[in-house]
Amino acid sequence: MRLGLTEIRKTVAPDAALSRARPAVNRGCRAMAFSFVVAGMAVSMSLAGCDAGATAAAADAGASAARASVDSAAAVVRVAAHEVTHEVKQPAAQPATSGGGQSRGQVYEAVRQMTALGKQLFFDPSLSGSGKLACASCHSPDHAFSPANSLSVQLGGGDMHRTGMRAAPTLKYLQSVPAFAEHYHESDDEGDESVDAGPTGGLTWDGRVDRGSDQARIPLLSSFEMGSSPAKVTAAIKAAPYAGAFRAAFGEHIFDSDDATFKAVLQALETFEQTPEVFYPYTSKYDAYLAGKTQLTKAELHGLQLFNDEKKGNCASCHISQRTLDGAPPQFSDFGLIAIGVPRNRALPVNRDPRFYDLGACGPERADLEGRAEFCGIFRTPTLRNVALKKSFFHNGIYHSLEQVLHFYAERDTNPEKFYPVSKGKVQKFDDLPQRYWANLNTEPPFDRKPGDKPALNDAEIKDIVAFLNTLTDGYKTGS
Ligand code: HEC
Ligand code: HEC
């Protein structure tokens with residue numbers, strides 16, 4: 001279980017802790033490591049995405065963010081030509097020379113090629129078993145890479161009628177999600193290193209993979225998503241208009257091995273997902289406000305206050321709204337895995353089986369923490385950047401408007417009958433988590449009440465928080 005407010009206050013410097021409800025795991029950045037094979041040469045490089053973010057918040061627009069990121073990337077580009085990790089049987093066409101010989105310009109060109117390919121792959125339905133489903137079908141660019149429709153879970157599989165158990169999340173701002181850790185400690189410049197922030201990080205709702213490339217494997221192979229295989233993917237790419245570009249990027253012999261092709265696909269997708277101007281531009285109204293370039297309206301400002309107020313929304317204790325100590329822009333998540341008792345979504349086919357539970361980090365999707373009771377019911381706190389573009393909320397997509405989500409936060413404990421089934425006059429609270437795991441549930445404000453108490457937020461306050469959440473959408477133009 002994560003340390004609660006009270007425990008933190010007890011265990012660390014009591015005075016200092018008062019200003020912040022929880023340790024702020026608010027990382028503007030994560031060093032991103034790439035390694036891939038370019039025309040017979042392995043290239044590894046890392047991008048320092050953090051500087052880009054920090055600069056972006058202070059800068060006018062996304063374009064400068066992109067430039068800043070490219071500059072910081074340049075500083076740390078490292079060409080490791082000797083690290084050739086070819087899976088293709090033939091030797092590389094041009095074995096790397098000992099000096100390790102790619103210029104910065106060549107590395108940029110390689111990243112540019114890889115990004116362009118990743119983008120084509122992302123939008124290509126021919127990679128799927130059905131030929132109908134692309135990554136973009138569930139992750140629509142116009143909706144911050146979340147679904148364009150309001151289904152709780154998306155349709156997939158060979159017949160396009162199968163469903164999984166989870167809502168498709170946004171793919172934006174994933175660059176700062178740290179690798180999964182059972183006990184997360186912040187670095188000193190970001191917060192207090194001595195505090196154990198509990199399970200944190202990792203991709204997907206349960207944090208089960210750490211890299212975009214490993215993540216992309218999941219939907220491509222899943223029988224209820226793209227339902228494909230390395231052989232099918234290779235055949236599709238060989239027949240695609242970009243087959244030549246794929247060879248140019250990964251080497252003439254890339255198609256000789258299905259596994260090598262598949263790995264290259266995953267790398268290209270990961271590289272595309274790390275395009276700063278597309279995936280983490282920091283161009284919301286709130287970013288402009290933090291940079292002193294615009295004002296919030298009275299309602300938005302009031303919403304922000306309620307969002308931050310530890311006795312009202314207390315939202316910022318998990319969805320961090322302030323810059324880090326080193327000036328990086330807020331990610332609106334501390335990436336902690338937390339149980340908040342989201343009701344069972346009875347519309348999901350998997351939930352027709354009363355014995356089935358999606359328990360998040362302890363399974364069944366995630367296998368490595370199975371049987372560890374303290375991980376049951378916890379899901380990764382999502383970013384709230386661009387949340388107003390989403391049409392389904394929470395891991396099971398049960399709610400379809402931000403007002404519903406806010407009512408859940410405000411009234412989960414004061415009026416549980418509004419959210420959970422009532423049987424014979426008794427509310428079946430926390431109906432999607434077996435009772436033996438209830439100790440994992442969060443009980444900090446606004447979840448610190450009981451029936452009969454006043455909800456932490458009233459309707460007018462909820463309206464203002466929603467107005468504030470709408471300032472987190474990218475693409476704001478100063479003066480608009
Ligand atoms: C059928 C719909 C569907 C398709 C197609 C799909 N995804 Fe997803 N995506 C999801 C769902 C659902 C999740 C959450 C999975 C979970 O938590 O277990 C997800 C999660 C992710 C995540 C992790 C996000 C986070 O917050 O940690 C990434 C990255 C991602 N998808 C990338 C891709 C890529 C790349 C492709 C194409 C190869 C793709 N997705 C295809 C539905 C889809
Ligand atoms: C104790 C930590 C915590 C607090 C406090 C908290 N949240 Fe969350 N939030 C989460 C977690 C964890 C999830 C995902 C839960 C799930 O799906 O099971 C979430 C999900 C959400 C979502 C859905 C996002 C999506 O992409 O589906 C919204 C919107 C949201 N929170 C807004 C708020 C607001 C507004 C407040 C304050 C009233 C708040 N949260 C307070 C941890 C928290």
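## Helix H9

In this predicted model, helix H9 spans residues 243-250, and its buried residues are Phe246, Ala249 and Phe250. These residues lie on the same side of H9, because they cover an arc of only 80° around the axis. A general property of helices is relevant here: an α-helix has 3.6 residues a turn, so residues three or four places apart point the same way.

Gly251 follows H9, and the phi of Gly251 is positive, near 110°.

## Surroundings of ligand 1

Ligand 1 is surrounded by 26 residues, of which Cys135, Cys138, Thr204, Trp205 and Pro219 are the closest. Two or more residues of this shell come from each of helix H6 (135-138) and helix H7 (212-221). With 5 residues, H7 gives the most to the shell around ligand 1.

Sorted by class, the shell around ligand 1 holds 14 nonpolar residues, together with 8 polar and 4 charged ones.

## Surroundings of ligand 2

Around ligand 2 there are 27 residues, and those that come nearest are Gly313, Cys315, Cys318, Phe394 and His395. Helix H14, which covers residues 402-411, gives the most to this shell, contributing 4 residues.

The shell around ligand 2 comprises 18 nonpolar residues, 7 polar residues and 2 charged residues.

Note on methods
Residues are numbered from 1 along each chain as its sequence is written. Chains are lettered from A and ligands numbered from 1 in the order in which they are written. This is a predicted model: local features need pLDDT of at least 70, side-chain atom pairs count only at pLDDT 80 or more; totals for chains, interfaces and linings use all residues. A residue is near a molecule or strand if its C-beta atom, placed from the backbone, lies within 6 Å of it. Ala, Val, Leu, Ile, Met, Phe, Trp, Tyr, Cys and Pro count as nonpolar, Asp, Glu, Lys and Arg as charged, and the others, Gly among them, as polar. A residue is buried if 20 or more other C-beta atoms lie within 10 Å of its own, exposed if 12 or fewer, and partly exposed in between; C-beta atoms are placed from the backbone. The arc is that of the directions from the helix axis to the C-beta atoms.
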